[in-house]
Each structure stands twice: as structure tokens, then as C-alpha cells.
Amino acid sequence: MWQLSNGVRFYPWGSRTVIPDLLGEPVPADRPHAELWVGAHPDEPSVLADGRPLDKAIAGDPEALLGAAVVERFGARLPFLMKVLAADTPLSLQAHPTPEQAQAGFAAEEAAGIPHDDPTRTFKDPCHKPELLLALTTFEALCGFRPVEESLHCLAKLQVPELKPTIAALARGGLRAAIPQLLALPGERRTELVAAVSTAAARFVAAHDPEFINTYRWAATLAETYPGDPGVVISLMCNHLKLAPGEAVFLPAGNLHAYLSGAGVEVMASSDNVLRGGLTAKHVDLAALIEVLDFSDGRVPVLHPVLGPGGLRYPVPVADFDLTRCQLDEQSGTLTTRGPQLLLCTEGTAVLASADGELTLEKGRSAFVPAGAPVSARGPAVLYRTTTNLS
């Protein structure tokens, strides 16, 4: 068992309270804390007590730390990454590639000699990035495209003349016609469209019209921060999710989504590939985004946990990761798994025990446990445990 020190990412949309409070730091912080990274991603690896980054330690003896099955399936790298995400304001609309899309896109940009830190770089690594978001607080998000018939009604109800081409494209050719048309609009038409949509949406909200009220409220809010951004209009065609603490959502490749507000534990395949589609001042690679997007429509299911070994497990259809919420009492319970583990304490104090002694995790602290290492834990505490989902 190795205790970890973890890096924090500071983005303008982050919270000045959630992550600092978790880490026992002064609240409110002097700047927004957006993400706490726990894992071995080379851009922000956790660090061991002896100063070694976790990715380097794994590279030194991958089979002992990851297990033969993980190395055979994923190579000599930890295949998952855990984060605590805290959003006070919305993140960009974005989607993530399939493994094949990531490999092809990364290879093309490497061949073109685009530096990894270039702001126009789209593929940061050759890996896919399915992800799971488990709400720690009430969490709101846009997630996938709502049924087309519902989107048509939502757009038409606003009675905005500037929306007629979008409505016509959606009615004639579906989302695959309407979304690229919006993203390709020239600057002046974008500005006029978003302003008209925002004004109309705000009018319905002020009138307390219950139909689509959350959708319209967020569209008006987003337009204040991103005037002229077509993502405001696209948000009207997305499912609006409101997760209660303990509920989760799984985001597969191609799913267009944006986290709006709240805090959660986020677990994903270890990648930083983000293709933005709006609500951002950053680079939008329109061609790559359209290639990656899943244009299917329909409801996105909310994930509820099932009882599994060690606690409440959130089942996902990928092999890269598996998340369990472990509610520990004062009695010792087994947390041993076949694969490697990341353990993050979010409440109380957890005491981990293995053959080489005990390790105490206070709130906000984390540990790495090598594959198959016998380990038990006692509390009272809440641990989030990420491992692989190999059968």
C-alpha cells in the first residue's frame, strides 16, 4: 500500500470550497479548485511518499503492481483515472473518442508534428475516455441528445424566426443535419441566433412556464457567459440530468455532454482526449467532433448502485474501470481485488491493513494498492475504490 499525494487542476469553472474542504485547506480558497487527480496519468501523476510519480513506479515493475491480466489487456500503464470534480459554473460541451478514433487521431497529429501543448491539438493520447460521474452533491448536466420530436417542440415553442433553418434541418435530416449546421454558422449569424434564443428562453422562465423550464433557464444562463456560442442552442436539444447524491451517469464514446454544476467522483479510462463542441473559448475541431459524435437520440439512464464485494458498486460496460462506494464501520472488511486499486477517503478516517502494516487515510487522502495484495479496511469512513472491470 502506498499513500499518494495528488495534484489539483485550477480552472475558472471550479469551486473555491469543495476540494479545499476535502483536503482540509482554508475555505474559501483564493482560486477555484476544479479537479483533484488521483492516478498515474502522465500529465498529473500522483506522487508516492518517496517522491516517485506513480506512473514511473508502475513502469518500473508493471506486472507486480498491475497484475499480468491488466498488463496483457492494457499494457504497462494504469488503465483508469479517478478525479474529484467540483463545478461552480458550466464546463464545455464535449465528447470523447472510441479507441480506434483515438489511435487514428493521435497518430495523425503525431505525424503532423503538432506539439502536445499546442492549443489546436485535439488528441492528447491514443486512448479512449469513457467515464462515470457519481454525484457527491446535487449535480446537473447535459447528457446526450433528447428525442428529436421533443427537441423540435422545445425549439418551436420559443417562436424565434432565426431558429427556422435549424428546425427545418432537424425535421428533415435529424441531429446529423442540424448539429453541423449550427456549428458551421458564421459569427454574425451565431450572435443574432443566440441572442434571440436567450431572450425568448428568459421570457418563458420569467413567466414560470413549467414545460422545458430547466432547459430554458440554462440556455439563458449559458448565453450570458458564452454570447454567440452555438452550444447555447445545442443545449436545447440535450437531455437535462439532475442527479441526487449517490446517483451516477455513464458517458460512453461519442456522447455529447456538459457538466453544469455540482461535485462528484469521476472515474474514467486514463486519457485526456476531449473534443469540444461549444460553451468554450478553447479550440473546436469541427471535423473531428462530427466524426466522433453519436447522433442517436433518447433518454440517458441514471445509474443506481448494486451491492457488490466491498460495498455499493456502479456497473459499467467497459473493462477499464470499476467504481465501488465502501461504507466502512469499525469492523474490518476485506477490499482485496485481482486488479490494482485506488482508494480515496471522502468522509471519516479509514485504516487500511495489509501484510506490510497499517496505513491511515484521513478525509481527502488516498492510496494505491497493487494487484491482488490482501488488504482490509475499517472506519468509520467512506472510501471510493476504483479498480479494473476485467472478468
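## Exercises on a predicted model

Gly-333 is found in strand 16 (residues 333-334). The model is a predicted one, and the exercises below are solved from it.

### Exercise 1. Gly-333

Classify Gly-333 as buried, partly exposed or exposed, and find its contacts.

Solution.
- Step 1. The relative accessibility of Gly-333 is 28%. Buried means under 20% and exposed means over 50%, so at 28% Gly-333 counts as partly exposed.
- Step 2. Set aside the neighbours within four places in sequence; Gly-333 is then in contact with Val-375, Ser-376 and Ala-377.
- Step 3. For a distance check, take Ala-353: Gly-333 and Ala-353 are 20 residues apart in sequence, and their C-alpha atoms are 9.9 Å apart.

### Exercise 2. Helix 10

Test whether the length of helix 10 (residues 213-225) agrees with its number of residues, then list its buried residues and what covers them.

Solution.
- Step 1. Helix 10 has 13 residues. The expected span is 1.5 Å times one less than the number of residues, so helix 10 should span 18 Å.
- Step 2. The end C-alpha atoms of helix 10 are 19 Å apart, which agrees.
- Step 3. The buried residues of helix 10 are Ile-213, Thr-215, Tyr-216, Trp-218, Ala-219, Ala-220, Leu-222 and Ala-223.
- Step 4. The cover over these buried residues includes helix 6 (148-157), helix 9 (187-206) and helix 11 (231-235), along with strand 8 (139-145), strand 9 (238-243) and strand 11.

### Exercise 3. The eight-stranded sheet

Give the strand order of the open sheet of eight strands, name its edges, and locate the partner of Arg-313.

Solution.
- Step 1. The order is 4-1-20-17-22-15-14-13, and the pairing is antiparallel.
- Step 2. Strand 4 (47-48) and strand 13 (306-308) are the edge strands, since each pairs on one side only.
- Step 3. Strand 14 (residues 311-314) and strand 15 (residues 322-328) run antiparallel and are joined by three bridges.
- Step 4. Arg-313 has Thr-324 of strand 15 as its bridge partner.

### Exercise 4. The largest pocket

Describe the largest pocket by volume, lining and residue class.

Solution.
- Step 1. The volume of the largest pocket is about 850 Å³.
- Step 2. It is lined by 40 residues, of which Tyr-11, Ser-92, Val-274, Arg-276 and Lys-282 are the closest to its centre.
- Step 3. At least two lining residues each come from strand 3 (35-39), strand 5 (80-87), strand 11 (257-269) and strand 12 (275-278). Strand 11 gives the largest share, five residues.
- Step 4. By class, the lining has 17 nonpolar, 14 charged and nine polar residues.

Methods
Residues numbered from 1 in each chain as written. Predicted model: local features only at pLDDT ≥ 70, side-chain atom pairs only at ≥ 80, totals over all residues. Heavy atoms only, no water. Pairing = 2+ DSSP bridges. Helix = DSSP H or I, 4+ residues; strand = E, 2+ residues; numbered from the N terminus. 1 Å grid on protein atoms, 1.4 Å probe; cavity = no way out; pocket = protein on both sides within 12 Å on 5 of 7 lines; lining within 4 Å. Points joined across faces, edges and corners; volume = space filled by probe spheres on them. Nonpolar A, V, L, I, M, F, W, Y, C, P; charged D, E, K, R; others polar. Buried < 20%, exposed > 50% of the residue type's maximum accessible area, 1.4 Å probe, protein only. Contact = heavy atoms within 4.5 Å.
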